[in-house]
Amino acid sequence: MFLYLRIKDSGQELVAVRVPINGMTCQSCVRSIEGSVRELPGIQHVKVELSEHAGYFRYDPSVCSVEAIRSHIEDMGFDVPVDSNDDETRILLPREIPTDLLIDMTGSSPPSESTVLISVTGMTCQSCVNTIEGSLKEMPGVIHSTVSLSDNTALVKFAPKSITPKQIADAIYALGFDVNIISVDNERYTELSQNKSEEGSGDRVKSSPSKSRTQQNGTISPHGEISRCTLEVRGMTCASCVAAIEKHCAKISGVHSIVIALLAAKAEVRYEPSKISALAIADSITELGFPSELISDSGAPRDLNLLIKGMTCASCVNKIEKAVLKLNGVVSCSVALTTSKGKIKYDPEIIGARKICDTVNELGFEATALSSQTRGTSNYLEHKEEIRKWRGAFLISLIFGGPCMAVMAYFMAMMGHHTAEDMCCVLPGLSLENLLLGLLATPVQFFGGWHFYKQAYKALSHGTSNMDVLISMTTTISYAYSLAVVIAAMVLQRNTSPLTFFDTPPMLLVFVSLGRWLEHIAKSDW
């Protein structure tokens, strides 16, 4: 309803009016209304109270009118309901009450400071803590905030006149973290208690359209099962887009509430599965002009697609599947060696995607979560990088490994016509064959086999083994043994050179690198 008061100001009669405003969701809406209405001719004073869903205005009736204010606010996208009891209200309001007192008239005055304890899920490091504390520090009405990474909580001291616990929680949620209000002033927080406190803070405060419509859709439904789904909503640019989606969803039968995080481009919807499905809600928002996609739906496990690098054989697949299935909350796990991908079903209430990725990484592999937008692009880039890597390894191995095999074949043919003494020695204990083979095998061992050494080290550092460990161990033993026996023969000044295996690393690495290169070329076409 509108509350009027006529007062004298420097000989000019002004009118003070209280106008209910529905649809405000944050302090940005408040500042937008105050700044826009203040530019109207005849407006002397403007104050908008988010907690009351109302605005107080002082204006010159000869220049402006309450209908002009009301029409201006409605043009901004907010609802300004008209009450039929305006005439009665004018009579009930004494003329001698100062305007400032009218603006501050909020029934029983709330405490100047309150404290809210919020559970914050999703923080991983001190950077997350600093981000949340920095964002809360900039919010009007927030006095002090302390975020604990170890307890996953945020303790915020705020002014109830300027901001509500729900707005603080929504601000943290907008940063990409899951939140839950635990208590306010050491009292357990419930939505019912919050609504009562808001109703008691003003003179017949009306609920926003989204709340009233939600009640019409059946918020209190003792027999209906309530589910929750998370949607990815693209195309939102400002608070007006958020308000448009909220108003649209409030009209959908079966939708109880929707909380939208503008920065995270996500929406959490509470709905009745018996009346509407999560996919239908997403399709409805898409038709509104904001492309939406279902991320998760409560009651059903969430799917996680991983790109897993470093797998070489079926043993790697079996190792990953066993480790992931041991995690509490994981329903199923399927890993495909040919595509280097894993598909995991898990309960998001028990375990998160980050924990699953960390478990795979601890085994010595590189796991990356794939989203619907980046899945195709990341696959192409990953395969392109792998193709480039293994092509380089193959070419290095071939450049030195090819001549190495030719030298080996030549001296094997010469052994039929010459004795070991005849073919020795360049230096005592060092034959020309071992000299050439050693020089050619060295770059293949350390440059062509570099990627095998990297993967083998990762596997061994996590207490596991794979095909890369086997290849690295085989080539290293062959090379080290051959080098050792040649050095020993030279030290002992032998007249013959010992049998060596310098040819083993080049031959093995050339063919394995070729296989890996062709494998990734084939994968890039899938």
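**Exercise 1. Contacts along the chain**

Task: In this predicted model, find what share of the contacts between residues at least 6 apart in sequence join residues at least 24 apart.

Solution. Step 1: take the contacts in the protein between residues at least 6 apart in sequence. Step 2: of these, 69% join residues at least 24 apart. Step 3: for the setting, the protein has 526 residues, and 43% of them count as buried. Its secondary structure comes to 17 helices and 17 strands.

**Exercise 2. The hairpin of β3 and β4**

Task: State how strands β3 and β4 run relative to one another, and how many bridges join them.

Solution. Step 1: strand β3 covers residues 43-49, and strand β4 covers residues 54-59. Step 2: the two strands run antiparallel and are joined by six bridges. Step 3: as an example of facing residues, Ile43 stands opposite Tyr59 in β4. Step 4: the hairpin has four residues between its strands, and His53 takes a positive phi near 55 degrees there.

Task: Decide which residues of β4 point one way and which the other.

Solution. Step 1: one group is Ala54, Tyr56 and Arg58. Step 2: Gly55, Phe57 and Tyr59 point the other way. Step 3: both groups are buried, in agreement with the count of six buried residues out of six for β4.

**Exercise 3. The five-stranded sheet**

Task: Give the strand order of the open sheet of five strands and name its edge strands.

Solution. Step 1: the order is β6-β7-β5-β8-β9, with antiparallel pairing. Step 2: an edge strand pairs on one side only, and here the edge strands are β6 and β9 (187-188). Step 3: inside the sheet, β5 (residues 114-121) and β7 (residues 153-158) pair over six bridges in the antiparallel sense. Ile118 has Ala154 of β7 as its bridge partner. Step 4: helix α5 (residues 126-137) packs on this sheet and touches β5, β6 and β7; its direction makes about 170 degrees with that of β6. Step 5: helix α6 also packs on the sheet, touching β5, β6, β7 and β8 (178-184), and its direction makes about 155 degrees with that of β8.

Task: Is Ser145 buried or exposed?

Solution. Step 1: locate Ser145 in strand β6, residues 142-148. Step 2: its relative accessibility is 12%. Step 3: the cut-off for buried is under 20%, so Ser145 counts as buried. Step 4: leaving out residues up to four places away in sequence, Ser145 touches Glu133, Leu136, Leu155 and Val156.

**Exercise 4. The four-stranded sheet**

Task: Describe the order, edges and twist of the open sheet of four strands.

Solution. Step 1: the order is β11-β12-β10-β13, and the pairing is antiparallel. Step 2: β11 (255-261) and β13 (292-297) are the edge strands. Step 3: from one strand to the next, the twist averages 25 degrees. Step 4: β10 (residues 227-233) is joined to β13 by five bridges, and Thr230 has Ser296 as its bridge partner in β13. Step 5: helix α6 (residues 165-174) packs on this sheet, touching β11 and β12 (266-271), with about 60 degrees between its direction and that of β11.

**Exercise 5. Two packed helices**

Task: Describe the packing of helices α14 and α16 by angle, distance and handedness.

Solution. Step 1: α14 (residues 432-448) and α16 (residues 467-491) pack at an angle of about 145 degrees, and their axes are 11 Å apart. Step 2: the crossing is left-handed. Step 3: α14 makes the contact through Asn434, Ala441, Thr442, Gln445 and Phe446, and α16 through Thr475, Thr476, Tyr479 and Val486. Step 4: sorted by class, the contact has four nonpolar, five polar and no charged residues.

**Exercise 6. Cysteines**

Task: Why does Cys238 not form a disulfide with Cys241?

Solution. Step 1: a disulfide is a covalent bond between the sulfur atoms of two cysteines. Step 2: the cut-off for the sulfur pair is 2.5 Å. Step 3: the closest cysteine sulfur to that of Cys238 belongs to Cys241 and is 4.0 Å away, so the pair is too far apart for a bond. Step 4: the count for the model comes to zero disulfides. Step 5: on accessibility, Cys238 is partly exposed at 34%, whereas Cys357 is buried at 11%.

Definitions and conventions. Residues numbered from 1 in each chain as written. Predicted model: local features only at pLDDT ≥ 70, side-chain atom pairs only at ≥ 80, totals over all residues. Heavy atoms only, no water. Buried < 20%, exposed > 50% of the residue type's maximum accessible area, 1.4 Å probe, protein only. Contact = heavy atoms within 4.5 Å. Axes fitted to C-alpha atoms, helices over the stretch in contact; angles between N-to-C directions. Left-handed = near helix turned anticlockwise from the far one by under 90°. Nonpolar A, V, L, I, M, F, W, Y, C, P; charged D, E, K, R; others polar. Pairing = 2+ DSSP bridges.
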